[in-house]
Amino acid sequence: MAKTALVVSGGGSKGAFAVGALQYINQHVQALDTFDLYCGTSTGSLIVPFAACGELALLEKLYTTLRQDDLVKLGAIANLVTGISLHDATPLKNQIDTLLTQAHYDLLQTKNASLFLATVCLQTERLVYWSTRAVAATTHYDVERVQNVTDLRRAMLASCCQPVFMQPVEVRKGVVPVRQYVDGGVREATPLQAAIDQGAEVIYAITLAPQQTPADNTTKTSAIQILERTIDLFSEDVGENDYRVAQLYEQGNRYLQAIRATLLAQGVSQTAINKALAQTANPFAGTAVTKIHEIRPQTKLVEGGAGGLTFQPAAMKSMLQKGFAQAKAYFSVIT
């Protein structure tokens with residue numbers, strides 16, 4: 001059976017769209033708690049641990065009822081001069097500490113599935129995955145093993161904390177040298193690479209931004225407007241690179257499958273083919289992905305506000321419905 005991965009991007013309150021898409025996937029494609037790999041960035045890191053535990057009802061409740069005050073204490077611009085961040089993510093920390101229980105952690109430890117939460121270390125500038133399984137680092141990222149429920153909670157928090165907007169997180173306080181972690185979306189908006197490197201053949205990727213934000217032919221007259229547009233630009237660029245690399249692996253493995261089938265049909269032995277494709281020069285060796293299901297909104301989810309920091313129940317219900325409809329439309333076409 002093909003090894004499957006569920007990947008959810010960052011996007012703050014726009015995670016409601018992902019939850020809607022997961023509703024459809026759970027009902028019509030694959031049970032939510034049966035994937036082999038779960039990878040998340042930012043709001044995706046809040047979603048995938050609960051998804052792995054089959055907690056769809058809890059996710060629906062969280063992403064349709066929580067308000068801004070439940071997650072972040074808004075600050076004044078003066079905080080950028082006197083403090084470590086514009087806003088305070090302590091309410092989000094408290095929510096995670098309450099909602100992600102020891103029982104959830106214990107369940108994740110008993111499952112064969114692996115969890116990967118994307119963060120970025122301010123000191124090393126490296127992409128760092130926090131994983132429930134021991135996995136080797138690569139030249140492109142580091143991996144830290146989640147050792148207890150506190151590690152998991154703090155990794156979830158760190159993955160969500162947009163630098164400057166929210167304070168960085170020391171996942172393990174007191175570690176020397178110091179390590180502070182922030183939103184993984186700084187380096188990887190949709191964490192596809194971990195899924196590919198761990199041998200996923202089929203990836204269900206939910207990204208919370210459209211492929212291209214439409215042109216906005218208005219004059220920008222404030223720093224806030226320019227910042228919002230810059231965030232869109234930055235997010236699109238990071239997200240585009242995530243998919244560009246992942247789709248190269250997808251296309252490469254499909255091509256190799258076709259070559260293998262052609263050679264077999266011509267009488268070349270399986271042993272000879274395997275030996276030829278096992279060469280160290282093969283850039284796709286060790287990967288298996290041949291299908292990436294890309295589910296994303298057709299237009300910008302304006303209900304979520306700049307950076308996905310607007311949490312309003314009615315708006316989030318709307319985004320959840322859009323996610324369900326988009327997943328339905330996508331899978332109706334491919335099946």
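Mentor: The expected span of a helix is 1.5 Å times one less than its number of residues. Please keep in mind throughout that this is a predicted model.

Trainee: How far apart are the end C-alpha atoms of helix 7 (residues 149-160), and what span should its 12 residues have?

Mentor: At 1.5 Å a residue, the 12 residues of helix 7 should span 16 Å. That expectation agrees with the model, where the C-alpha atoms at the two ends of helix 7 are separated by 17 Å.

Trainee: Which residue caps the N-terminal end of helix 7?

Mentor: The cap is recognised by a side-chain oxygen that lies 3.1 Å from the backbone nitrogen of Thr150. The residue that supplies this oxygen, and so caps the N-terminal end of helix 7 within the 3.5 Å allowed for a polar contact, is Asn148.

Trainee: How many of the 12 residues of helix 7 are buried?

Mentor: A residue counts as buried when its relative accessible area is under 20%. The buried residues of helix 7 include Val149, Leu152, Met156 and Leu157, but also Asp151, Arg153 and Arg154. Helix 7 is largely enclosed by the rest of the structure, because the number of its 12 residues that are buried is 11.

Trainee: How many disulfides does the structure hold, and why does Cys121 form no bond with Cys161?

Mentor: The cut-off for a disulfide is a pair of cysteine sulfur atoms within 2.5 Å. The closest cysteine sulfur to that of Cys121 is in Cys161, and at 14 Å it is too far for a bond. Cys160 is in no disulfide either, since the nearest cysteine sulfur, again that of Cys161, is 6.8 Å away. For the structure, the number of disulfides is 0.

Trainee: Are Cys121 and Cys160 buried or exposed?

Mentor: The relative accessible area of Cys121 is 2%, and that of Cys160 is 7%. Because the limit for burial is under 20%, Cys121 is buried, and Cys160 is likewise buried.

Trainee: What does helix 1 (residues 15-28) span, and how many of its 14 residues are buried?

Mentor: The 14 residues of helix 1 should span 20 Å, and its end C-alpha atoms agree with this at 20 Å apart. The buried residues of helix 1 include Phe17, Val19, Leu22, Tyr24 and Ile25, and what covers the buried residues includes strand 1 (4-8), helix 2 (43-52) and helix 11 (313-334). Helix 1 is therefore largely enclosed by the rest of the structure, and its count of buried residues is 11.

Trainee: Which helix gives the most to the largest nonpolar core?

Mentor: The largest nonpolar core has 68 residues, and Leu6, Tyr38, Leu152, Ile206 and Ile295 are those with the most contacts inside it. With 8 residues, the element that gives the most to this core is helix 1.

Trainee: Which residues of helix 1 are in contact with Ile295?

Mentor: Leaving aside neighbours within four places in sequence, Ile295 is in contact with residues that include Ile206, Tyr330 and Phe331. Its contacts also include three that are listed among the buried residues of helix 1, namely Phe17, Ala21 and Ile25.

Trainee: How many aromatic pairs are there, and how are the rings of Phe35 and Tyr38 arranged?

Mentor: The count comes to 10 aromatic pairs. The ring centres of Phe35 and Tyr38 are 5.9 Å apart and their planes lie at 75°, which is over the 60 degrees required, so the pair is edge-to-face.

Trainee: Where in the chain are the partners Phe116 and Tyr129, and are they buried or exposed?

Mentor: The rings of Phe116 and Tyr129 are edge-to-face, because their centres are 6.0 Å apart and their planes are at 85°. The pair links distant parts of the chain, 13 residues apart, with Phe116 in strand 3 (residues 114-121) and Tyr129 in strand 4 (residues 127-131). Relative accessibility is 2% for Phe116 and 0% for Tyr129, so both count as buried.

Trainee: Which side chain makes a polar contact with that of Thr190?

Mentor: Thr190 lies in the loop between strand 6 (181-183) and helix 8 (192-197), and at 0% relative accessibility Thr190 counts as buried. Residues that Thr190 touches include Val7, Ser9, Asp242 and Tyr243. The side-chain partner in its polar contact, at 3.0 Å, is Thr207.

How values were computed: Residues are numbered from 1 along each chain as its sequence is written. This is a predicted model: local features need pLDDT of at least 70, side-chain atom pairs count only at pLDDT 80 or more; totals for chains, interfaces and linings use all residues. Side-chain values use heavy atoms; hydrogens and water are left out. Buried means under 20% relative accessible area, exposed over 50%, partly exposed in between (1.4 Å probe, protein chains only). Helices (H or I, at least four residues) and strands (E, at least two) are DSSP runs, numbered from the N terminus. Contact means heavy atoms within 4.5 Å. A polar contact is a pair of N or O atoms within 3.5 Å; within protein, one must be able to donate a hydrogen and the other to accept it, and residues adjacent in sequence count only if both atoms are side-chain atoms. Rings of Phe, Tyr and Trp (its six-membered ring) pair if their centres lie within 6.5 Å; planes under 30 degrees apart count as stacked, over 60 as edge-to-face and the rest as tilted. A nonpolar core is a set of buried Ala, Val, Leu, Ile, Met, Phe, Trp, Tyr and Cys residues joined through side-chain atoms within 4.5 Å.
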